[in-house]
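Biologist: I'm new to this one. Could you walk me through it and tell me how you arrive at each label?

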Amino acid sequence: MSGTVVSSSTSELVQLDDTLWEIPAASRADMRVPARVFADRELLEAITAGRALEQLQNVATLPGIVDAALAMPDVHQGYGFPVGGVAATALPDGVVSPGGVGYDINCGVRLLALPLSAEELGAHCEPLVHEFSRAIPAGAGKHGPLRLSSDELDEVLRAGPQALLARGIGCEDDLVRTESGGCLPGAEPGAVSARAHERGCGQLGTAGSGNHFIELQRVDRVFDRTAADAFGLGEGQLTVLIHSGSRGLGHQVCTDHVRIMDAVQARYGIVLPDRQLACAPASSPEGRAYLAAMAAAANFAFANRQALAHAVREAIRRVLGPNAARATRQVYDVAHNVAKVEQHGGRDVLVHRKGATRAFPAGSVEIPGDFAHVGQPVFIPGSMGTSSYVLAGEPGSLERSFGTTCHGAGRTMSRTRARATIGGAELRRQLEAQGIVVRCPSNRGLSEEAPFAYKDVGHVVSIVERAGLARRVARLVPLGVVKG
Amino acid sequence: MFGDMTPPARVAPQHHFVEHGGEVEVELEAEDEAGIFAAALDTFTELVAGNADGESMEIQIGLRGRDRTLLLVDWLNELLFRAEVEQFVPRHIKAIELEDETLQATVVGYRGTPRPLVKGVALNRLAFEQEGGVWHGRVVFDV
């Protein structure tokens with residue numbers, strides 16, 4: 001099988017094994033390493049239809065990049081880095097690229113497990129989803145339930161969700177069950193601009209728009225009972241999946257630092273094929289400033305999902321009672337957009353994950369004790385109205401992808417075409433006909449996120465499983481969705 | 001870059017969305033540079049405007065920069081910032097003065113409930129250039 005060649009719009013792809021394809025470094029004079037994509041032929045067809053692989057080749061030109069620029073099977077065209085892209089740069093002098101993290105720093109997902117089944121929920125389903133929609137503001141300028149002073153915001157930027165515990169928002173167990181304990185090291189509030197502070201100060205506890213959501217789900221099928229038990233999941237059980245990020249604060253951090261790096265990279269002799277890849281050595285003043293601001297924004301995002309989870313628990317308390325709220329336990333919280341210093345292949349590297357999820361296997365020191373024997377939980381949201389998956393990290397992720405797996409289904413269709421294909425009202429009717437409760441203030445926003453605008457999440461997940469990056473633990477089906 | 005286009009007698013500022021598998025890409029066209037900023041504003045309004053109108057507002061925007069492409073990004077970033085912190089939804093430019101290194105504008109709009117769709121304005125595929133007597137711009141929004 002190895003050696004099979006497929007042409008993309010830009011270069012020839014060589015098949016390395018069942019699920020891995022490569023554009024050799026020699027295909028372009030400026031590539032420092034190969035570009036590799038995890039996919040099968042069918043997914044590859046969708047992937048090569050856009051500019052995702054050309055963007056991946058651009059990533060392969062970053063100074064200090066090691067091994068290969070990688071794309072997960074949900075990869076699609078982004079605005080510099082492809083969404084679903086992974087790049088590791090050697091420290092101390094390999095570069096950090098804010099575009100390799102993206103505007104929504106630490107966009108990610110948090111899964112809550114409720115202490116009751118869908119059957120037990122019964123007629124409370126619609127009132128519960130409605131209560132979620134009342135409890136969670138979505139929009140820009142839609143201020144959340146928390147108004148923070150400047151000092152309080154800085155504490156959130158420094159410490160993440162830990163800073164909210166004193167307000168009764170979340171508990172210690174939530175922190176343990178959050179990637180990096182909910183706090184990236186090196187965060188400096190002073191590295192976050194006044195404008196970013198201004199955008200963020202009222203947005204803690206808001207979901208945002210686009211593909212962000214809060215979804216009530218039922219565990220439809222368990223594939224790995226040992227891991228599911230460790231995660232606290234069983235068939236028929238209710239879960240809530242929260243997808244959001246660092247809101248305007250993180251967006252502004254990216255905006256600020258892309259511009260700074262765009263202005264200084266020539267000083268470091270860096271020439272790039274795409275201005276949005278603007279970067280500087282991680283050890284440079286500009287690189288260190290970005291990493292300090294990015295960590296602060298990431299901590300804000302962890303705290304934001306903590307505040308959203310608190311709102312969900314409060315809604316559960318109002319509809320189902322205090323016992324149900326108290327026993328609603330966080331399964332885990334994972335980041336999709338972040339750069340982290342990790343050790344791979346015996347060296348320190350800065351792993352950029354842009355629309356990709358850390359997926360460390362069993363035995364990794366960074367995952368909580370409850371999960372140490374089964375691997376880190378990973379959550380893969382499907383498109384609206386379709387299944388989502390709970391995965392566990394596998395050893396292949398460390399061997400092949402810097403401890404990374406996919407993050408979602410991956411778009412295949414533009415928002416414009418999705419809107420032209422189906423109206424929001426019609427889509428709402430279709431979802432409701434499937435028994436899914438929908439709360440979304442904008443029909444336009446709904447149609448842009450139509451299920452057919454995405455790849456089949458089951459297919460995407462099957463590739464990362466075959467590739468040995470992560471294995472399926474459980475499948476979740478939607479009962480209700482709240483969108484911004 | 002934009003192909004051979006015969007310019008019409010007058011080109012009102014206009015925009016059209018381009019197929020993009022992940023984000024929102026838009027091409028802008030106008031008969032002069034100021035018109036590109038107007039077309040960019042129209043695009044932003046189309047992306048964020050909600051249903052309800054609020055009280056009328058007028059804001060002043062002052063920007064500095066020699067690079068027109070970056071000035072276009074700064075323009076949209078300023079509109080994005082005002083939308084988030086002031087809930088300002090722009091309608092149109094009342095006055096604009098574009099010099100070599102500065103942009104001064106008065107923008108008319110209203111306080112509304114802008115959609116929180118746009119996260120950032122990327123430098124990817126960014127363009128601002130004249131071809132065949134017509135000005136063209138291109139912007140990719142992260143959404």
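Biologist: What makes you say that helix H1 of chain B lies across S4 and S5?

Modeller: This is a predicted model, and in it H1(B), residues 33–48, lies across S4 and S5 of chain B, running at about 175° to S4(B). Angles go from 0 to 180 degrees between N-to-C directions, so about 175° means that H1(B) and S4(B) run in nearly opposite directions.

Biologist: And which strands does H2(B) touch?

Modeller: H2(B) packs on the sheet too, touching S3, S4 and S5 of chain B, with its direction at about 145° to that of S3(B).

Biologist: How do you know that S3(B) and S5(B) are paired?

Modeller: Two strands pair if there are at least two bridges between them. S3(B) and S5(B), residues 102–111, have 9 bridges in the antiparallel sense, so they count as paired. Within that pair, B:Gly62 stands opposite B:Gln104 in S5(B).

Biologist: Why are S3(B) and S4(B) called edge strands?

Modeller: The open sheet has 3 strands in the order S3-S5-S4 (chain B), with antiparallel pairing. S3(B), 56–64, and S4(B), 88–98, each have a single partner strand, so one side of each is left without a neighbour in the sheet. From one strand to the next, the twist averages 25°.

Biologist: How many residues make up the contact between chains A and B?

Modeller: Chain B gives 27 residues and chain A gives 39. On the chain B side, H2(B) supplies the largest share, 5 residues. By class, that side has 13 nonpolar, 8 polar and 6 charged residues.

Methods. Residues numbered from 1 in each chain as written. Chains lettered and ligands numbered in written order. Predicted model: local features only at pLDDT ≥ 70, side-chain atom pairs only at ≥ 80, totals over all residues. Contact = placed C-beta atoms within 7 Å. Helix = DSSP H or I, 4+ residues; strand = E, 2+ residues; numbered from the N terminus. Nonpolar A, V, L, I, M, F, W, Y, C, P; charged D, E, K, R; others polar.
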